[in-house]
Every structure is written in C-alpha cells, then in structure tokens.
Amino acid sequence: MKIADFKVEQWMNAYEGKAVFNMTDTCVSPFTYEQLTAMDTQHLLSMVKLDYGTITGDVLVKKEILKMYSTGVMDQITLAQGCLQANEMVMETLLEPGDHVLVYTPSYQQFSEYPKSLGCIVTELELHEENQWQASIAALRNAFKENIDLVILNNPNNPTGTVFAPAYLSELFTLCKKQGTYILCDEVYRDPSIPSISDLYEKGIATSSLSKMFSLAGLRFGWIKGPQEIIDAVNVRRDYSIISTGPLADTLALIALQHASEILQRSRAIINQNKQFLRTWLLQNPSFHFIMPDVGTVGFLKYDAGIPSVEFAKGILQQYGVFYVPGSCFNCEQHLRLGLTANAEQFQKGLQLTADYLKK
C-alpha cells in the first residue's frame with residue numbers, strides 16, 4: 001500500500017525539537033504524569049492489573065466518555081490509541097477500492113491521502129477564507145450528483161478552526177440520507193459544549209481523544225462513537241491491530257475523564273487568555289489576519305508578504321526559535337498554523353517575535 005508523505009507530521013518531526021517558542025502546538029499546555037496521578041483520589045492506579053483488560057475498553061471509561069454526548073449507549077463506543085488510529089480503523093472498515101470519498105481542504109492530510117492509498121476516489125471541497133473558512137452549499141450539492149460512499153471532515157477543522165455552520169450541516173445530512181452515506185467526523189478539537197456529528201446524524205461516526213482539550217497527547221488515548229453496526233465491524237478489525245488499549249491507559253484516561261470539568265475549565269482559560277492577547281496584537285499588526293475560531297485550539301494565521309510559508313517558517317525558527325507549521329503543509333500559501341495553547345508568556349513573546357520577523 002503506497003501512501004504520500006504526511007507533510008504536517010514530517011515537518012513536526014524535523015523541526016519541533018528546535019523550538020523555543022512553539023506557536024503551532026494544537027494540544028493545550030500538557031499535564032505532567034505527576035499532575036495527572038495527583039487527581040487519582042480514589043487510588044485507582046494501585047488496583048491496576050497489567051493484563052489485556054477489557055478488550056474494547058473499560059466500562060467505566062466508556063461511561064465517562066458517553067457523558068460528552070447526548071445520545072448513544074456504551075456499546076456504541078470502542079477505544080483506540082489516539083484519534084489518528086481511530087480514523088484509520090473507521091476508514092479501513094468502511095472503504096473499498098473504487099469508493100468515492102468527499103473531503104475538505106485545507107484540512108488534515110490523513111482524510112484525503114489514506115483513502116487514496118486504499119484505492120478510493122477522493123473529491124475535495126474548498127473551505128473559503130473570504131467566507132470565514134466555510135464551504136459552499138452549491139459545491140456540496142454538485143458533488144452529490146455522483147454517489148458518495150463516505151464524507152470525512154473534522155469539526156472544528158485543522159488548521160482553520162472552522163466549525164461548520166448549522167445550515168451547511170443540515171444540507172449535508174439531507175444529501176447523505178438520500179444516498180445512505182456515512183459521515184466520519186474527527187472531533188479531536190471539539191469542546192463538549194458543541195454538538196457531535198454522532199448525535200446529529202444517524203450515520204454519523206465521531207472520533208476523538210484526550211490529546212487536545214484534555215492536555216494528554218502522550219497518553220495516546222482515543223475512541224470511536226457511532227452506529228452499532230459500525231462499532232461491531234470496527235471491533236472485528238480491531239482484533240488484528242491493537243487488541244486493547246490496556247488497563248493502565250484506560251485507568252489514566254478514567255482519572256482524567258472523572259475530572260473533565262476542571263480540565264476543560266483550565267483549557268478554556270488558557271485558550272481565551274491567548275485569544276484576548278491575539279486580538280490586540282492583530283490590531284497592532286495589520287499585516288497579519290486571523291479568523292478567530294469560536295472553540296478549539298487552532299487557527300490559520302495569514303500574513304501579507306510574498307514570502308513562501310516554508311521560507312517564513314524556517315527563517316523565523318532559525319533566527320528566533322519561533323516554530324510554526326507552514327501553510328504549504330496544507331496546500332495553502334502565505335499562512336501559518338497558529339495554536340492557541342501555549343502558556344501566556346510564551347504565546348505573547350512568540351507573537352511579538354513573529355511581528356518583528358516580518359518587519360525585518
């Protein structure tokens with residue numbers, strides 16, 4: 001199975017270690033292991049037995065995950081090692097060579113390249129910056145003149161921060177229902193305050209993890225929530241890949257999920273403080289433009305200069321230690337992916353250096 005280079009991940013692998021000011025991280029300031037285990041007031045870790053555990057995931061973990069949705073039962077959830085793997089398992093379960101997949105651009109490369117590697121036909125719909133990074137309903141209707149087997153999106157979007165408009169989603173659901181099309185929605189950037197695709201559409205499949213809003217990317221803990229027939233089919237395939245996430249990861253995840261309210265409150269406070277500074281910075285630096293996302297941890301920073309984004313990202317990293325993913329990794333020039341996740345001091349200094357670099 002041949003697959004294209006994953007541009008974002010390879011860029012991160014090559015350059016993130018050189019960062020002094022990481023301005024592109026999409027995971028809210030991470031917890032230490034000590035901070036997480038300090039939340040273990042019930043001493044759950046002392047009872048962990050290091051066998052395979054419950055194969056599709058601990059029942060108590062599923063119960064906590066289900067609290068972030070408005071519909072479904074625990075059997076409609078299965079666990080994965082991160083959202084990336086959750087997406088992969090859904091795609092491998094649903095797709096056959098020749099299937100037609102609808103995706104969006106700019107977005108996460110996995111959604112387009114993985115189906116291509118499986119022999120699928122991929123149609124990309126554009127998110128329009130001049131329309132607040134929303135997609136065109138007319139283009140959507142035109143795409144559905146052909147049979148669509150699967151729609152893949154993430155909501156909020158990476159890198160734009162887009163939350164798809166209710167009117168657009170309503171039209172998408174109507175068109176999908178007519179063809180019996182499933183929707184795979186990567187909701188790793190979702191704040192539980194916004195609805196999930198899996199609660200809005202009967203053939204909606206939601207994936208997520210503890211990486212972004214829960215500040216626990218290193219735990220590599222994710223899940224799938226969807227129609228029972230899809231979860232059952234994924235679980236058959238899952239036996240060939242991971243067997244289980246294991247009792248240790250499940251217990252650490254349970255501890256975090258039992259403290260979801262406090263963790264999410266912390267994340268929102270960090271993000272909102274950075275947004276507040278960013279608004280002021282944008283007014284002071286009119287050569288930069290940013291469509292502020294309503295929720296989530298990421299957005300797409302545009303700059304007014306004829307500098308290729310790779311040149312910009314390499315130059316500012318070398319000169320100031322400021323790290324960005326260039327827009328070219330999303331096939332969108334004169335943009336940089338901006339995370340809203342760093343501690344305030346780092347975030348403010350990184351933006352100040354970004355303005356200095358462009359002026360020079």
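## Exercises on helix packing, a sheet and a pocket

Helix α3 passes helix α10 in a left-handed crossing, a term used when the near helix is turned anticlockwise from the far one by less than a right angle, with clockwise counting as right-handed. The model is predicted, so local features need pLDDT of at least 70 and side-chain atom pairs count only at pLDDT 80 or more, while totals for chains, interfaces and linings use all residues. Residues are numbered from 1 along each chain as its sequence is written, and side-chain values use heavy atoms, with hydrogens and water left out.

**Exercise 1.** Describe the contact of α3 with α10.

*Solution.* Begin with the elements: helices (H or I, at least four residues) and strands (E, at least two) are DSSP runs numbered from the N terminus. The axes of α3 and α10 come within 9 Å and cross at roughly 35 degrees, where axes are lines fitted to C-alpha atoms, for helices over the stretch in contact, and angles run from 0 to 180 degrees between N-to-C directions. Next, list the residues in contact (heavy atoms within 4.5 Å): α3 contributes L60, V61, E64 and I65, and α10 contributes D250, L254, L257 and Q258. Finally, sort them by class, which gives five nonpolar, one polar and two charged residues; here Ala, Val, Leu, Ile, Met, Phe, Trp, Tyr, Cys and Pro count as nonpolar, Asp, Glu, Lys and Arg as charged, and the others, Gly among them, as polar.

**Exercise 2.** Work out the strand order of the open sheet, and explain why β10 and β13 each have one side without a neighbour.

*Solution.* The four strands run in the order β10-β11-β14-β13 with antiparallel pairing, and two strands pair if DSSP finds at least two bridges between them. Because β10 (288-290) and β13 (325-326) stand at the edges with a single partner strand each, one side of each is left without a neighbour in the sheet. Further in, β11 (residues 298-303) and β14 (residues 335-339) pair over five bridges, and V298 has G339 of β14 as its bridge partner. Helix α11 (residues 260-284) packs on the sheet, where α11 touches β10, β11 and β14, and its direction makes about 140 degrees with that of β10.

**Exercise 3.** Which elements each supply at least two residues of the lining of the second largest pocket?

*Solution.* They are α3 (59-66) and α10 (247-258), and the largest share, four residues, comes from α10. By class, the lining has seven nonpolar, three polar and three charged residues. A pocket is an open set of points on a 1 Å grid over the protein atoms alone where a 1.4 Å probe fits, with protein on both sides within 12 Å along at least five of seven lines, and lining residues have an atom within 4 Å of a point.
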